[in-house]
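The following exercises are to be worked through with the sequence and the structure in view. Each task is followed by a solution in steps.

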Amino acid sequence: MLLLKQKVINEGIVLGQGVLKVDSFLNHQMDPVLMREVGREFSRRFTGEGITKVLTIESSGIAPGIMTALELNVPLIFARKQKSLTLTEDIYVEKVYSFTKKESNEITVSKKFIAPGERVLIVDDFLANGEAAFGLARIVEQAGASVVGIGIVIEKSFQPGNRLLQEAGYRLESLVRIASLEDGVISFVEAEGEVLPE
Ligand code: 5GP
C-alpha cells in the first residue's frame, strides 16, 4: 500500500531494539484519511469471506479496526488490556506478552460479543512476535468462532510473527512489510512491480 509506505518513510522514527515509532499517524495522532484507505484495503483483500466481526486490541488497533469494520459493514470489538470493573459478565481471558512494554497483559473480551460459528477478521497496527495476534486468535477459538484472517498495518518481517502465524495456518495480510530497521534505516520487503510515488 503505497500511501502507507510513503507515510512510514516520511514520518517513521526508528527507536532502538527493533521498534518503529509512528505516533504522527497511527499510535498517538491518527490520520483519518490514511485509516480510511487502510480499512478499504483490508476490506478489498478479505471480500467474499463472509466476515461477521472485526476484532482488535486497544488502543492502537482501534482506528484501523473501525475503518475496516465500517467498510465490511460489521461490528468492531476491541480486546481490553485491563479488566473493567463494570465488566461483570462472562469474559474470555488470554495472556499476551507485550513487545513494546516488555510485560504480560491479560486481554479480555466479553463472551456476549463473539458467538459460536462467527467469522472473525483480526486487525492490529503492528506485527512483531505475533503475541497479540495469537492471543486474539485464541479468544476467537475459545468462542467456537473461526479466524478468517489477520490484517496487519505494519509488519516487521525480520521478527518471527509472520512465520509463526503462517505456520499455524492463518491467512496473513500485511499492508507494509519492513525488512530491517538496522542502523536507523527503514528498509522494506519490496513487492514486485512496485514504484514509490515522487
Ligand atoms: P507482537 O504481539 O506481534 O509481538 O507485537 C505487536 C504489538 O506490539 C502491537 O499491538 C503493537 O502495539 C506493539 N508493537 C510491536 N512492535 C511495535 C513497533 O515497532 N512500534 C509500535 N509502535 N508498536 C509495536
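**Exercise 1.** Which atom of the ligand lies 2.8 Å from a polar side-chain atom of N27? Describe also the polar contacts of D125 and A128 with the ligand.

*Solution.* The model is a predicted one.

Step 1. The partner of the polar side-chain atom of N27 is a nitrogen atom of the ligand, at 2.8 Å.

Step 2. In D125, an N or O atom of the side chain is 3.3 Å from an oxygen atom of the ligand.

Step 3. A128 makes its contact through the backbone: one of its backbone N or O atoms lies 2.8 Å from an oxygen atom of the ligand.

Step 4. On its own, the ligand has 500 Å² of accessible area, and the protein covers 89% of this area.

**Exercise 2.** Determine how many residues surround the ligand, and state which elements supply them.

*Solution.*

Step 1. The shell around the ligand holds 16 residues. The closest are L20, N27, D124, G130 and K156.

Step 2. Sorted by class, the shell has 7 nonpolar, 5 polar and 4 charged residues.

Step 3. Two or more residues of the shell come from each of β2, β7 and α4. The largest share belongs to β7, which gives 4 residues.

**Exercise 3.** Identify the space that the ligand takes, and describe its lining.

*Solution.*

Step 1. The ligand takes the space of the largest pocket, whose volume is about 740 Å³.

Step 2. The lining of this pocket consists of 32 residues. Nearest the centre lie K81, S98, T100, D125 and F126.

Step 3. At least two lining residues are supplied by each of β2 (19–21), β5 (91–98), β7 (119–127), α4 (131–142) and β8 (146–156). The most come from β7, with 4 residues.

Step 4. The lining divides into 14 nonpolar, 9 polar and 9 charged residues.

Step 5. D125 thus appears twice: among the residues nearest the centre of the pocket, and in a side-chain contact with the ligand.

**Exercise 4.** Is the peptide bond from E58 to S59 cis or trans? State also what is notable in the backbone of Q17.

*Solution.*

Step 1. Most peptide bonds are trans, and most residues other than glycine have a negative phi.

Step 2. The bond from E58 to S59 is cis, with omega near -5°. S59 belongs to the loop between β3 (53–57) and α3 (62–72).

Step 3. Q17 is not a glycine, yet its phi is positive, at about 55°. Q17 lies in the loop between β1 (13–15) and β2.

Notes: Residues are numbered from 1 along each chain as its sequence is written. This is a predicted model: local features need pLDDT of at least 70, side-chain atom pairs count only at pLDDT 80 or more; totals for chains, interfaces and linings use all residues. Side-chain values use heavy atoms; hydrogens and water are left out. On a 1 Å grid over the protein atoms alone, a cavity is a set of points where a 1.4 Å probe fits but cannot get out, and a pocket is an open set with protein on both sides within 12 Å along at least five of seven lines; lining residues have an atom within 4 Å of a point. Grid points are joined across faces, edges and corners, and a volume is the space filled by probe spheres set on the points. Ala, Val, Leu, Ile, Met, Phe, Trp, Tyr, Cys and Pro count as nonpolar, Asp, Glu, Lys and Arg as charged, and the others, Gly among them, as polar. A residue is near a molecule or strand if one of its heavy atoms lies within 4 Å of it. A polar contact is a pair of N or O atoms within 3.5 Å; within protein, one must be able to donate a hydrogen and the other to accept it, and residues adjacent in sequence count only if both atoms are side-chain atoms. Accessible areas come from the Shrake-Rupley method with a 1.4 Å probe; for residues, only the protein chains shown count as cover. A molecule sits in a cavity or pocket if more than half of its atoms lie within 2 Å of its grid points.
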